[in-house]
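Visitor: I have a protein model open before me, and I would like to learn how to read it one feature at a time. Could you guide me through it?

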Amino acid sequence: MKKMILLPLVAALSLSAASEGEKLFDAKCGICHLKTRPSDKSSLVAPPLMGVMRHVKMNYQDRDEAVAFIGAYVLEPKREKAVCMPHSIKRFGLMPSQKGVVSKEELAVIASWMYDTTGGMKKGMKKGMKKKGVSPFLITKGLPHLTGMLKKRWDDKTLALTDTQKKELLRIRKSTLKAVKKLKPQVAALEKEIKTMLQEGVKESKINRKIDELAKLKARASKVHVECLIKTRAVLTKEQLRALMQKRRF
Ligand code: HEC
């Protein structure tokens, strides 16, 4: 009996996802998440919709992934999973789980609406992502990008990389690039945000907190870099490593 009522309801919901999504959001999330930025931010109990989605989209560019992330987070919020700024959690506390308040099916509709109703990444963010100038690393000089150097001399006879080594090196490079690629747009966006805050005359202490966040992100990228270096070094023989580093000086 229960199923018979539920199924057509779910079907109906997905058919008119756009408007149903907004209605459901208003009913289930709107008490805490405002749809517009209020003039008086001191009364906020949670980040407004735009802010939430800005960070979700920075981390999950793919629509399906973003929708899945929101669905999972709402039922089981966790600090480690959160994509919002750390100070957001400090200020508002962790979001209380909405298990029992909202169903998975409803969440899919709500999250899709949230994704579609908010704009794409800001122009500056996209530009920052593409621009080579923004380095995601804390340490920008002195640490070699070993796998990049190796790629350039992939079939070099003096190096004589074996197939097994190549396979392992590619695996290391892939996971490193993936991690750095995720951090880069966040670094670019933060740098831009800091510049804007400065132009808008935001309090120095607030700007400094952003700089701390930026430093943390860049440190994470440099740790990824160092991990990659160590792993790459472990794959190479001493002779290969020496040959690689020697050429580098000239
Ligand atoms: C009782 C208040 C409350 C309700 C109701 C609520 N939220 Fe939240 N939500 C918060 C707070 C506070 C945060 C910021 C702290 C955090 O991220 O956990 C947040 C953060 C989020 C985030 C960002 C998660 C991240 O990575 O930091 C998403 C996405 C989100 N909420 C979605 C929803 C959706 C969808 C609903 C409705 C089904 C909803 N919330 C209902 C309070 C609420």
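Guide: Let us begin with the ligand, where a residue is taken as near if its C-beta atom, placed from the backbone, lies within 6 Å of it. Please keep in mind throughout that this is a predicted model.

Visitor: Which of the residues around the ligand come nearest?

Guide: There are 26 residues around the ligand, and Cys29, Cys32, Ala82, Cys84 and Met95 come nearest. By class, this shell has 21 nonpolar, 4 polar and 1 charged residues. Helix H3 (49–59), helix H4 (63–75) and helix H5 (86–92) each supply at least two residues of the shell.

Visitor: How many helices and strands does the protein chain have?

Guide: The protein chain has 11 helices and 0 strands. Among its contacts between residues at least 6 apart in sequence, 74% join residues at least 24 apart, and of its 250 residues, 20% count as buried.

Visitor: Which residues of the largest nonpolar core touch the most other members?

Guide: The general idea is that in soluble globular proteins, nonpolar side chains tend to be buried together. Here the largest nonpolar core has 18 residues, of which Phe25, Ile70, Leu107, Ile110, Ala111 and Met114 touch the most other members. Helix H2 (17–28), H3, H4 and helix H6 (104–117) each supply at least two residues of this core, and H6 gives the most, with 6 residues. Isoleucine 70 shows how such a member is placed, since residues up to four places away in sequence are not counted and Val56, Leu107, Ala111 and Met114 are the ones touched by isoleucine 70. Apart from this core lies another, of 16 residues, among them Leu169, Leu190, Leu217 and Leu244.

Visitor: What covers the buried residues of H3?

Guide: The buried residues of H3 are Val52, Met53, Val56, Lys57 and Met58, and what covers them includes H4, H6 and H9. As a general aid to reading such a list, an α-helix has 3.6 residues a turn, so residues three or four places apart point the same way.

Visitor: How many residues does helix H9 have, and what span does it reach?

Guide: Helix H9 (residues 163–199) has 37 residues and reaches 53 Å from its first C-alpha to its last, which is close to the 54 Å expected at 1.5 Å a residue. Its buried residues include Leu169, Ile172, Thr176 and Lys184. Just after H9, glycine 201 takes a positive phi of about 70°.

Visitor: Which residue has a positive phi although it is not a glycine?

Guide: Most residues other than glycine have a negative phi. Alanine 160, however, has a positive phi of about 50°, and alanine 160 is found in the loop between helix H8 (146–152) and H9.

Visitor: Why does alanine 160 count as exposed, and why does arginine 233 count as partly exposed?

Guide: The cut-off for an exposed residue is 12 or fewer other C-beta atoms within 10 Å. Alanine 160 counts as exposed because it has 12 C-beta neighbours inside 10 Å, whereas arginine 233, with 13, counts as partly exposed. Arginine 233 lies in helix H10 (residues 204–235), and its C-alpha atom is separated by 8.3 Å from that of leucine 146, 87 residues apart along the chain.

Visitor: Where is the pLDDT below 50?

Guide: The mean pLDDT of the protein chain is 85, and 86% of its residues reach 70 or more. Over residues 127–131, however, the pLDDT is below 50, and this stretch has 8 contacts in the model beyond near neighbours in sequence.

How values were computed. Residues numbered from 1 in each chain as written. Predicted model: local features only at pLDDT ≥ 70, side-chain atom pairs only at ≥ 80, totals over all residues. Helix = DSSP H or I, 4+ residues; strand = E, 2+ residues; numbered from the N terminus. Nonpolar A, V, L, I, M, F, W, Y, C, P; charged D, E, K, R; others polar. Expected span 1.5 Å × (residues − 1). Core = buried A, V, L, I, M, F, W, Y, C linked by C-beta atoms within 7 Å. Contact = placed C-beta atoms within 7 Å. pLDDT = per-residue confidence, 0-100.
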